[in-house]
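Please look through the model below, beginning with how far it can be trusted and then moving from the overall fold to its interior and its surface.

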Amino acid sequence: MTRYSRNSIWGSYEQESGDPTELSQEVLEIPENKDCCPSVTELIHPLAGVSRNGMILEIYRGENKTQKFYQTSCRREVKDRPCRFVRLKYESASRCEQEYSYTYAIVRDVNTESQWRMDHIRVRSGCKCKVLKVTRARIGEARKKRK
């Protein structure tokens, strides 16, 4: 847990130094990694991507030029599994799912010598908790698992 103290002059938060003589007006505690569906963000340099209509596209790379994209993926241990911090009643009906978005890239159709163009490619953009409609059957399943 990282602790931050409020700077009363500037209205900003600064990391606490641990000095007991220092007076702090307000403390903001930021819990570390308390997401219901934790994710990891990384910088990727793909060779190809998928367009909005499902076509595989070659991504432009020059001699000293590569296109880079930030990608946020579900952690392996939570992907397609029940979400954390969900009431037991809804746990069996919840799933951590990968979210996607589209970003522009310089691309061309794979295995062609066509001209390079701007187009959208799909990148991972987050991990969300999806809760399905809870039915009496699912509530019964959850109760059986608890026993």
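The chain averages a pLDDT of 81, pLDDT being the predictor's confidence in each residue from 0 to 100, and 69% of the residues score at least 70. This is a predicted model, in which local features need pLDDT of at least 70 and side-chain atom pairs count only at pLDDT 80 or more, while totals for chains, interfaces and linings use all residues. Residues are numbered from 1 along each chain as its sequence is written, and side-chain values use heavy atoms, with hydrogens and water left out. Over residues 4-15 the pLDDT stays under 50, and the model has 26 contacts (heavy atoms within 4.5 Å) beyond four places in sequence for them; over residues 19-30 it likewise stays under 50, with 21 such contacts.

The secondary structure comprises two helices and nine strands, where helices (H or I, at least four residues) and strands (E, at least two) are DSSP runs numbered from the N terminus. Along the sequence these elements follow the pattern β-β-β-β-β-β-β-α-β-β-α. Among contacts between residues at least 6 apart in sequence, 60% join residues at least 24 apart.

Of the 147 residues, 22% are buried, meaning under 20% relative accessible area, with exposed being over 50% and partly exposed in between (1.4 Å probe, protein chains only). The largest nonpolar core, a set of buried Ala, Val, Leu, Ile, Met, Phe, Trp, Tyr and Cys residues joined through side-chain atoms within 4.5 Å, has eight residues: I44, L57, I59, F69, A105, V107, I121 and V123. Strand 6 (56-59), strand 8 (94-109) and strand 9 (117-131) each supply at least two residues of this core. Apart from this core lies another, of six residues, among them C37, C74, C83 and C127. Beyond four places in sequence, the residues that I121 touches include L57, I59, F69, A105 and V107, as well as G49 and V50.

P46 sits in the loop between strand 4 (39-44) and strand 5 (48-50), and counts as buried because its relative accessibility is 18%. Leaving aside residues up to four places away in sequence, P46 touches I59, R61, Q67 and F69. The C-alpha atoms of P46 and I59 are separated by 7.1 Å, although these residues are 13 apart along the chain.

On the outside, M118, found in strand 9, counts as exposed because its relative accessibility is 53%.
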